[in-house]
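Welcome! Let's take a first look at this structure together, one question at a time.

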Amino acid sequence: MTVRPGLHITPTCFRVGGRHYELHSLRNLETRQSAHDPLTRQSAILAAVGLLGLALLARYMHPAGIAATGAVLCGLAVVALTSAHRRPRHQQLWAVYKGHDIQLFSSDDNWLFGAVDRQLRRSMTESRLGSTTVPRPVTPLPAVPHPSLVHPSKMYPVT
């Protein structure tokens, strides 16, 4: 299966760009998330520290100072939330490959990451257990015909 150019999952291997991994050598496949973007992390830390400082020092401050500090803290919170939305955390696929813990794949696209994760797990299971095809169940014909077949224009004379 080709998920996108440069990303292939076959019953025997997983290829990402120029890297090639044999499925029978992969063990302990797990998903992880990367750390937050530095802008997100630092603005959230500054907002939290500023809020703590405001809570401790508010009784010594003038109302105008409290309002200005609150406005700056709201700005930092908006920066942190906007940055977290526009710079999402990357999802990562990790596995043990020939005794080494390595990162196989990383993406910030949830749909693409989910498709790769599902197909890779399916291919690994099939490579270990062998490909099995489940026969499709045969659906019996209904005992009562569909109403569209009973319409007078569709009825045939019985001879």
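The questions below walk through one sheet and its surroundings.

User: Before we start, what kind of model is this?

Analyst: Residues are numbered from 1 along each chain as its sequence is written, and side-chain values use heavy atoms, leaving out hydrogens and water. Local features need pLDDT of at least 70, side-chain atom pairs count only at pLDDT 80 or more, and totals for chains, interfaces and linings use all residues, since this is a predicted model.

User: In what order do the 3 strands of the open sheet stand?

Analyst: Strands are DSSP runs of E with at least two residues, numbered from the N terminus, and two of them pair if DSSP finds at least two bridges between them. E5 (residues 26-33) and E6 pair in the antiparallel sense over 6 bridges, while E6 and E7 (residues 100-107) do so over 7 bridges. The order is therefore E5-E6-E7, with E5 and E7 at the edges, each having a single partner strand, so one side of each lacks a neighbour in the sheet.

User: Which residue stands opposite Trp 94 of E6?

Analyst: Gln 92 stands opposite Ser 106 in E7. For Trp 94 in E6, the residue opposite is Glu 30.

User: How many of the 7 residues of strand E6 are buried?

Analyst: Buried means under 20% relative accessible area, with a 1.4 Å probe and protein chains only. Strand E6 (residues 91-97) is largely enclosed by the rest of the structure, because its buried residues number 6.

User: Which residue in the hairpin of E6 and E7 takes a positive phi?

Analyst: This hairpin has 2 residues between the strands. The positive phi, near 55°, belongs to Lys 98.

Terms used: Buried means under 20% relative accessible area, exposed over 50%, partly exposed in between (1.4 Å probe, protein chains only). Helices (H or I, at least four residues) and strands (E, at least two) are DSSP runs, numbered from the N terminus.
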